[in-house]
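Colleague: Could you walk me through this one? I have some short questions.
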Amino acid sequence: MSETATDLLPGEPKPARRPVLNTSGRVERLRKIALWLSLLPLAAVPLYLDGSWLIIGILGMATAIGAIGLTLLVGTAGQLSLAHSFFVAVGAYAYAYAAGDPAGGGVEGLGLPSALAALIAIVASGLAGLLFSPVSARLKGVYLGVASLALVFIGDHVLKNATPVTGGYNGREVAPLSVGGFELSGGSPDLWVLGVPYGGRERLWYLALAVLVLAVVAASRIARNRPGRALQLMRDNPAAAGSMGVPVQRYKAAVFTYSSVFAGTAGVLTALAFEFIVPQYFTLELSISYLTMTIIGGLGSVAGAVAGGLFVTALPLLLERFTGSLGFLAAPGSGGLDAAMLSRFAFGALLVLVLICEPGGLAVLSRRLRRRS
Amino acid sequence: MKALQLLLLGLSLGSIYSLIALGFVAIYKGTKVINMAHGSILLTGAYVVAMLSPHVGFLAAAAAGVVAAAVGAIVVERLVSAARTTDHLVLTTLTIGVDVLLATELTHRIGSSVLTMGDPWKDRQTEIMGTVLPQARIGATAVSVLIIAAFFLVFHKTNFGVRMRASADDPRTAALMGIDQRRVALASWAIGGGLACVAGIFLAAFPNPGLDQTAGLIALNAIPAIIIGGLDSTEGAVLGGLIVGVTQTLVDGNASSLHFLGEGFGTVAPYVVMLLVLLWRPSGLLGSKELNRV
């Protein structure tokens, strides 16, 4: 979708720019309108699908937001991070703690209004990213990726041991998000739209969709404008970036912080969708799934990250749902090839195949198709 | 005596980590890729040893395992070189993909069983200087010292070693001097894989109960080692491995007085040390600083 994404593909020759026609502004505007219009059917989805389907979409949109943050960091800035699951966890747990009932059984909470708690959680994950900046600003590329593993393991340890805040191994409950008494991820007060009861998941769908749109707009602005150009130059040639006046270290720290803000937002939404969070979810495997999403979608492509996020999240859930009707899949836990295993195989193979055959991912494939048509 | 005992245990564990770390560094120096599939390769080798050991004896099984791990590493190298890019970030990510594939298959095969190697040391212990050490750990230390010594000898005294070092320093010039870069890459990956398997065998031995399906993660303990020592320094890998082993054993051994840090802090402690080292020296204790020439 964005022209900037082409600059990001390692080894890919830059396509020649087509001559600019006078109508290009109008075409661009029409495309934008078409894009916004395509949100309408998405807004109607909760009228037709029930909660068990909606949750797949909600989780997909939530992780897509996190994937957007990672694609900015890995794709645009060329800084690998395997700590994304840590920042997702910070967002999720910070929200659960800030919004939690102080008198709740076993675990503590601040009992703040949940909208404020969500804001605090997002700021907290940004701060966590900023705190890591002494490391993230000084290391580059792959080296940062390996160093960031530390956060995953330290984070996992904290989640399992800071029992009063996190609930330890058993996890903790997540309070629904409400604004002015109206729950955005719960069922009160009752709401009916065109004869369809709007419960927690129906409402959360809209929240996730709205935040996703916001995240896409914000990330595209960062990637396409001045900071994005600076980050790309920094990725391709740090010395050149430095001599052009780009404060390389500060930009590295900043893009890491941004990406953790996206991760924290994803964490809050994921927590709201799960309603109960356990440390076993926020592992290295989650970081690797996030990385898979950005690779499949095409490093540096915001639209690709969204597509990758939806695909990687939905595939195991859909396979699990259809286990009964797909003859070749065994029931989960039976020892045979189950849905989780098949999707893990698929993701591993996709990672390898995409990187070998088309390092630009879906973003380049779709651009090629569009150019042909 | 407890302190000495812990120190010796830590050093022996550290010598095992040194082997894994040395493998990482060999691969990194040879091809500038950090092999994130190292854990799965370690587990592949250990799996082969555990399967063959009851039938053909420990030594033959160990040899087969080392070969299997080396072949596995070569397969990963072939995949990595099939990518049409030299971007190390992309190539490292590719090894993550391979790791996912291998780990999924191994997890499925191993299931809930625990791999044991059938090694000759079993659970015997020996008393040295008032400390009680498992014989398997003494064997591990001896073998590691031998392997590491051989590694350095080969790298500094033989033609092969010179070719490897020249390619690590400046691949383009080395290629112009007639050194086949493909063979250098294959050799460094095979060495890395073989070292990982040897480490896997010792990690499965007493006092550990054996390797379960999560053992691939153990290879990640060598990540703090290579970062502490410096990613491109073989000496650093050995030093880092020892530091990680000692840290982990000391923390685990004093768990009762370190209880406020939470349960199982021993596995996390190396990462904390790594972060501290990074703050102090971003390129590790012995790693070479990166210079930017314009």
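**Helix packing, the interface and two residues**

Modeller: In this predicted model, H3(B) and H8(B) make a right-handed crossing.

Colleague: At what angle do H3(B) and H8(B) cross, and how close do their axes come?

Modeller: They cross at roughly 140°, and the axes come within 7 Å. H8(B) covers residues 181-204. Angles over 145 degrees would count as roughly antiparallel, so H3(B) and H8(B) are classed as oblique to each other.

Colleague: Which residues meet there?

Modeller: From H3(B), the residues include B:Gly65, B:Val66, B:Ala69 and B:Glu77. From H8(B), they include B:Trp189, B:Gly193, B:Ala196 and B:Cys197. By class, the contact of H3(B) with H8(B) has 15 nonpolar residues, six polar and one charged.

Colleague: Now B:Gly45. Where is that, and is it buried or exposed?

Modeller: B:Gly45 sits in helix H2 of chain B, residues 38-56. B:Gly45 is buried, because 30 other C-beta atoms lie within 10 Å, and the cut-off for buried is 20 or more.

Colleague: What does B:Gly45 touch, leaving aside neighbours within four places in sequence?

Modeller: B:Gly45 is in contact with B:Gly65, B:Val66, B:Ala68, B:Ala69, B:Ala196, B:Cys197 and B:Gly200. Among these, B:Gly65, B:Val66 and B:Ala69 also appear on the H3(B) side of the packing with H8(B), and B:Ala196 and B:Cys197 on the H8(B) side.

Colleague: How far is B:Gly45 from B:Cys197?

Modeller: C-alpha to C-alpha, B:Gly45 and B:Cys197 are 4.9 Å apart in space, with their positions 152 residues apart in sequence.

Colleague: Switching to the interface. How many residues does each chain put in?

Modeller: Chain A contributes 37 residues and chain B contributes 38. On the chain B side, helices H3, H4, H9 and H11 each supply at least two.

Colleague: Which element of chain B gives the most?

Modeller: H4(B), with 13 residues. The chain B side as a whole divides into 25 nonpolar, 10 polar and three charged residues.

Colleague: And the scores?

Modeller: ipTM is 0.89 and pTM is 0.89. Chain B averages a pLDDT of 89, with 98% of the residues at 70 or above.

Colleague: Which elements of chain B have the lowest and highest mean pLDDT?

Modeller: Strand E1 of chain B, residues 125-128, is lowest at 83, and H3(B) is highest at 94.

Colleague: Over to chain A. How do H4(A) and H13(A) pack?

Modeller: Helix H4 (residues 84-99) and helix H13 (residues 248-274) of chain A pack at about 50°, with axes 7 Å apart. That angle is why H4(A) and H13(A) count as oblique to each other. H4(A) passes H13(A) in a right-handed crossing.

Colleague: Which residues are in that contact?

Modeller: On H4(A), they include A:Phe87, A:Val88, A:Gly91 and A:Tyr95; on H13(A), they include A:Ser260, A:Gly264, A:Val268 and A:Thr270. The classes are 11 nonpolar and seven polar, with no charged residues.

Colleague: Last one, A:Gln280. Where is it found?

Modeller: A:Gln280 is in the loop between strand E6 (276-277) and helix H14 (284-297) of chain A. A:Gln280 counts as partly exposed, because 13 C-beta neighbours lie inside 10 Å. Exposed would need 12 or fewer.

Colleague: And how far is A:Gln280 from A:Tyr169?

Modeller: A:Gln280 and A:Tyr169 are 7.9 Å apart in space, C-alpha to C-alpha, and 111 residues apart in sequence.

Key. Residues are numbered from 1 along each chain as its sequence is written. Chains are lettered from A and ligands numbered from 1 in the order in which they are written. This is a predicted model: local features need pLDDT of at least 70, side-chain atom pairs count only at pLDDT 80 or more; totals for chains, interfaces and linings use all residues. Two residues are in contact if their C-beta atoms, placed from the backbone, lie within 7 Å. Helices (H or I, at least four residues) and strands (E, at least two) are DSSP runs, numbered from the N terminus. Ala, Val, Leu, Ile, Met, Phe, Trp, Tyr, Cys and Pro count as nonpolar, Asp, Glu, Lys and Arg as charged, and the others, Gly among them, as polar. pLDDT is the predictor's confidence in each residue, from 0 to 100. Axes are lines fitted to C-alpha atoms, for helices over the stretch in contact, and angles run from 0 to 180 degrees between N-to-C directions. Angles under 35 degrees count as roughly parallel, over 145 as roughly antiparallel, 65 to 115 as roughly perpendicular and the rest as oblique. A crossing is left-handed if the near helix is turned anticlockwise from the far one by less than a right angle, and right-handed if clockwise.
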